[in-house]
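Here is a friendly walk through one protein model, written for someone more at home at the bench than in a coordinate file. Have the sequence and the structure open as you read.

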Amino acid sequence: MSDTTVTKIDGAFSPKGEDGEKYLASGKTVSMRLWEKEQPDDTKPEVRREYETVGYVISGRAELHVEGQTVILEPGNSYVVPKGASHTYRILEEFTAVEATSPPAQVKGRDEG
């Protein structure tokens, strides 16, 4: 029996979230999103989310503030934001990163402030 659950997502037509993220492929327990060409600005509001996030920086630089720690994110860096951790980002240079969230961020209002 062959598996027919494989899906392909064309990023050119992916929906965008309220914060500008582009939602990519999504399964039952994990999803991907793209933060593309995020511009430098003031620090975003601190939030706690009911999902774990792992990310990979494609280009640019940002500060990630998690539970009192500050980490500089640069191209080639990967990072983890634990489920329920208080965190915020500050974009330092035009920033592009891909993230995976588990469970999916955009389901059941998990991405709402």
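The report below goes from the overall fold to the core and then to the surface.

Please keep in mind that this is a predicted model. Its secondary structure consists of six strands and zero helices, so the order of elements from the N terminus reads β-β-β-β-β-β. With a radius of gyration of 14 Å against the 13 Å that the globule rule gives for 113 residues, the protein is as compact as a globular protein of that length. Along the principal axes, its C-alpha atoms fill a box of roughly 50 × 25 × 25 Å.

How do the chain's contacts span the sequence? Of those between residues at least 6 apart, 62% join residues at least 24 apart.

Now to the inside. Buried residues account for 33% of the 113 residues. In soluble globular proteins, nonpolar side chains tend to be buried together. Here the largest nonpolar core has twelve residues, among them Val-57, Leu-64, Tyr-79, Tyr-89, Ile-91 and Phe-95. Three strands each supply at least two residues of this core:

| Strand | Residues |
|---|---|
| Strand 3 | 52-66 |
| Strand 5 | 78-81 |
| Strand 6 | 87-102 |

Ile-91, one of the core residues, is worth a click. Beyond its neighbours within four places in sequence, Ile-91 is in contact with Glu-38, Gln-39, Pro-40, Asp-41, Arg-61 and Ala-62. Ala-62 also belongs to the core.

Finally, the outside. The protein exposes about 7,200 Å², and carbon and sulfur atoms supply 51% of that area. As for charge, there are 14 positive and 20 negative charges, and their mean positions are 5 Å apart.

Technical notes. Residues are numbered from 1 along each chain as its sequence is written. This is a predicted model: local features need pLDDT of at least 70, side-chain atom pairs count only at pLDDT 80 or more; totals for chains, interfaces and linings use all residues. Side-chain values use heavy atoms; hydrogens and water are left out. A nonpolar core is a set of buried Ala, Val, Leu, Ile, Met, Phe, Trp, Tyr and Cys residues joined through side-chain atoms within 4.5 Å. Buried means under 20% relative accessible area, exposed over 50%, partly exposed in between (1.4 Å probe, protein chains only). Helices (H or I, at least four residues) and strands (E, at least two) are DSSP runs, numbered from the N terminus. Contact means heavy atoms within 4.5 Å. The radius of gyration is taken over C-alpha atoms; the globule rule is 2.2 Å times the number of residues to the power 0.38. Accessible areas come from the Shrake-Rupley method with a 1.4 Å probe; for residues, only the protein chains shown count as cover. Lys and Arg count as positive and Asp and Glu as negative; His and the chain ends are not counted. The place of a charge is taken as NZ of Lys, CZ of Arg, CG of Asp or CD of Glu.
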